[in-house]
Amino acid sequence: CPFMTGLFYLTLSNMVDSEAHEKRPPILTSSKQDLSPHIANVGEMKHYLCGCCAAFNNVAITFPIQKVLFRQQLYGIKTRDAVLQLRRDGFRNLYRGILPPLLQKTTTLALMFGLYEDLSCLLRKHISTPEFATRSVAAVLAGTTEAIFTPLERVQTLLQDHKHHDKFTNTYHAFKALKCHGIREYYRGLVPVLFRNGVSNVLFFGLRGPIKEHLPTATTHSAHLVNDFICGGLLGAMLGILFFPVNVVKTRMQSQIGGEFQSFPKVFQKIWLERDRKLTNLFRGAHLNYHRSLISWGIINATYEFLLKII
C-alpha cells in the first residue's frame, strides 16, 4: 500500500543520512586539533608578552620622573634644580631619550619574567635542589641575560645628560658615535649592571609571594589589582633605595665617552670625595627614586599579573 511504501522510503532515507553523517569528517574536532599547537605556543610565550606590555606601560607614564632623578644622580643637585633644568630644556626635550629605555625595558622585562619562569621549570626538572635555591639561580641567570642590552641603557644615559645635547641628535646618532670607540664602549658600566640585575631579581621574585600573602585577602578583580600594585610597589621602592648608590656609580661610568675604563671602587671613591663623604649627598635624589620605583614597579607588577590572567 502507498502508506507502507512511503514508510519504507522514509526509513531508507534516514539510514542513508545516518551513514553519511558517520562518514563525514569531524570538522570541529579537526579545527581544535589544528589550533592546539598555536594555543600552546601562546601559553609558552605569555610571560614574555606580559612582561613586555607591563614595561611599555611603565616607561610611558614614568619617563619624566626618571629624567629628573637621572639629573640628580649625575650632578648631585636638588629636585627643584633638576626640574628647572628640564624646564629650560623645554617640552620638546622632555621625552628626549625615551626610545632606548622603551626598547631596553620592554626587552629586559620580557626576558626577566619569561626566562625566570622557563629556567625555574627547567632547573626543577633536571636538578634536585630546594625550591628557593632553584628559583634564586633562575633569577640570577635571567638578570645576567638582561645585561646583554646594556648598550641601550648606556645610550639612554648619554641622551639624558644635557652636556651631550649638542653632540647627539637621536638614538641612532649616539650609537653611531660610540662605534669608533669599539664594542667595549657600549658596555661601559657593565659590572654594576650585572650586580644590580642579579641580586635585585633574586629579592624581587623571592619576596613577591610572601609580601602578597600578608596583604588583605582579595575577593574582587579590582582588589587583586590593588594588592599586586602594592606588592610590586613596596618591593620596587625597597630595591630602589638599596641599589641607589650602585646606580649612582653606574650613571657616572656611563656618562663618560672614551678614555680609561675605571673600576667600580675607583669611581665610587671619586663620587664619595666629590660629595664631601656624606651619605645624605650620596643619596641625593633617593626620595624621588623611592616614589618613582614605588609607582613604576607597582604599575609593572599589576599590569603583568592582570595580563597573565586574561591572556
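**Close-up views of an all-helix predicted model**

**View 1. Five residues make a nonpolar surface patch.** Leu49, Leu225, Phe306, Ile310 and Ile311 form a nonpolar patch of about 450 Å² on the surface. Patch members have over 30% relative accessible area and no salt bridge; like charges are joined within 9 Å, nonpolar side chains (Val, Leu, Ile, Met, Phe, Trp, Tyr) within 5 Å. Areas come from the Shrake-Rupley method with a 1.4 Å probe, and for residues only the protein chains shown count as cover. Leu49 sits in helix α2, residues 27-75. Its relative accessibility is 44%, so Leu49 counts as partly exposed. Buried means under 20% relative accessible area, exposed over 50%, and partly exposed in between (1.4 Å probe, protein chains only).

This is a predicted model: local features need pLDDT of at least 70, side-chain atom pairs count only at pLDDT 80 or more, and totals for chains, interfaces and linings use all residues. Residues are numbered from 1 along each chain as its sequence is written, and side-chain values use heavy atoms, with hydrogens and water left out.

**View 2. The chain folds into helices.** The protein chain has 14 helices and zero strands. Helices (H or I, at least four residues) and strands (E, at least two) are DSSP runs, numbered from the N terminus. Of the 311 residues, 43% count as buried.

**View 3. Salt bridges reach helix α14.** The whole structure holds twelve salt bridges. In each, a side-chain nitrogen of Lys or Arg lies within 4 Å of a carboxyl oxygen of Asp or Glu. Arg208 pairs with Glu305, with the closest N and O atoms 3.1 Å apart. This pair links distant parts of the chain: Arg208 is in helix α9 (residues 190-213) and Glu305 in helix α14 (residues 286-310), 97 residues apart. Both Arg208 and Glu305 are buried. Lys309 and Asp228 also form a salt bridge, at 3.9 Å from N to O. Lys309 lies in α14 and Asp228 in α10 (residues 221-242), so the pair ties together parts 81 residues apart in sequence. Asp228 is buried, at 2% relative accessibility.

**View 4. A salt bridge joins α11 and α12.** Glu274 and Arg252 meet at 2.9 Å, N to O. Glu274 belongs to helix α12 (residues 264-274) and Arg252 to helix α11 (residues 244-254), so the bridge ties together parts 22 residues apart in sequence. Glu274 is partly exposed at 43%. Arg252 is buried at 19%.

**View 5. The largest pocket has a mixed lining.** Its volume is about 400 Å³. A pocket is an open set of points on a 1 Å grid over the protein atoms alone, where a 1.4 Å probe fits, with protein on both sides within 12 Å along at least five of seven lines; lining residues have an atom within 4 Å of a point. The largest pocket is lined by 21 residues, and Arg188, Arg252, Met253, Gln256 and Val267 lie nearest its centre. The lining has nine nonpolar, five polar and seven charged residues. Helix α9 gives the largest share, three residues.

**View 6. Two loop residues have positive phi.** Most residues other than glycine have a negative phi. Asp276, not a glycine, has a positive phi of about 60 degrees. Arg277, also not a glycine, has one of about 55 degrees. Asp276 lies in the loop between α12 and α13 (279-282), and Arg277 is placed in the loop between α12 and α13. Asp276 is exposed at 52%; Arg277 is exposed at 57%.

Technical notes. Grid points are joined across faces, edges and corners, and a volume is the space filled by probe spheres set on the points. Ala, Val, Leu, Ile, Met, Phe, Trp, Tyr, Cys and Pro count as nonpolar, Asp, Glu, Lys and Arg as charged, and the others, Gly among them, as polar.
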